[in-house]
Amino acid sequence: MIKDGKISNYQFNKHIDEFNELLLRNLRLIPSYSKSGGSDANLDIINNYKKELNSNTKNSKKTYILTRICLSGSYLPNCLLIDFTLSYDDFYMVPVLYFRAFKDNSKSTSGNIDETRVTPIVSTEELVSNYYSVLGLSSDSNLGPTVTLDSHHLITDSSVWFYVHPCETLHRLREFMEADNCLLPCDSEQLQVVKYLSIWYATYSLGGIFPSISLRPTSQP
């Protein structure tokens with residue numbers, strides 16, 4: 001069960017599949033957050049998979065989920081591709097989000113991506129200035145001081161990722177859960193962890209940064 005507002009790496013690995021199923025069922029674009037001209041915006045899930053890294057013990061095994069989504073609309077300068085990962089940070093003892101963004105100059109959707117026409121977005125300023133409407137941001141918004149550029153802590157390639165620093169995550173999640181009393185003693189561990197990850201998604205994952213990309217469960221696992 002969850003204690004002191006935190007989950008372990010073992011609990012994350014054990015129940016990430018259930019949360020991922022919920023994410024695939026319920027990830028959506030909320031039109032009410034879009035600014036002018038955003039009514040025809042679409043969100044498509046292009047790819048989603050789990051990767052387990054080799055380890056000597058099940059408690060220290062590292063796992064991440066990688067999802068690629070495509071945001072498209074006639075008013076956008078290009079389709080926006082976002083890769084994001086859900087993983088666990090051992091030092092801060094919380095889940096952590098890494099994401100990277102690309103301009104798809106071919107305006108392709110539904111998996112037909114021409115990788116030769118995909119351009120990385122390497123600054124928060126570029127991301128906000130071109131896509132603030134579909135992401136539910138104001139035109140003069142930034143992504144906050146906790147979003148930085150870094151290498152991925154589990155994926156060893158040359159890519160640069162946007163990284164949501166988890167230094168405040170444990171404290172804030174503990175506050176949210178205590179205030180809402182959302183983890184009931186009668187809940188199974190699986191249900192508690194899925195609830196925990198749903199709250200984390202809305203505050204420190206993709207939904208916390210981009211209000212229009214919402215996770216709204218329609219049913220409990």
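Colleague: What share of the residues of the protein counts as buried?

Modeller: In this predicted model, 49% of the 221 residues count as buried. The protein exposes about 10600 Å², and carbon and sulfur atoms supply 47% of that area.

Colleague: Why is Leu191 called buried or exposed?

Modeller: The relative accessible area of Leu191 is 19%. Buried means under 20%, so Leu191 is classed as buried. Leu191 belongs to helix α4, which covers residues 189–204.

Colleague: How many residues along the chain lie between the positions of Leu191 and His15, and what separates their C-alpha atoms?

Modeller: Leu191 and His15 are 176 residues apart along the chain, and their C-alpha atoms are separated by 8.9 Å. For the protein as a whole, among contacts between residues at least 6 apart in sequence, 63% join residues at least 24 apart.

Colleague: How do you know that Cys167 is linked with the term "active site"?

Modeller: That label comes from the UniProt record, which lists Cys167 under "active site". Such annotations may be inferred rather than shown by experiment. In the model, Cys167 is found in the loop between β8 (161–164) and α3 (169–180).

Colleague: Why is Cys167 called partly exposed?

Modeller: Cys167 has a relative accessible area of 43%. Buried requires under 20% and exposed requires over 50%; the value of 43% falls in between, and therefore Cys167 is partly exposed.

Colleague: Which helices and strands make up the pattern of the protein?

Modeller: There are five helices and nine strands. Along the sequence they follow the order α-β-β-β-β-β-β-α-β-β-α-α-α-β.

Definitions and conventions
Residues are numbered from 1 along each chain as its sequence is written. This is a predicted model: local features need pLDDT of at least 70, side-chain atom pairs count only at pLDDT 80 or more; totals for chains, interfaces and linings use all residues. Side-chain values use heavy atoms; hydrogens and water are left out. Helices (H or I, at least four residues) and strands (E, at least two) are DSSP runs, numbered from the N terminus. Buried means under 20% relative accessible area, exposed over 50%, partly exposed in between (1.4 Å probe, protein chains only). Contact means heavy atoms within 4.5 Å. Accessible areas come from the Shrake-Rupley method with a 1.4 Å probe; for residues, only the protein chains shown count as cover.
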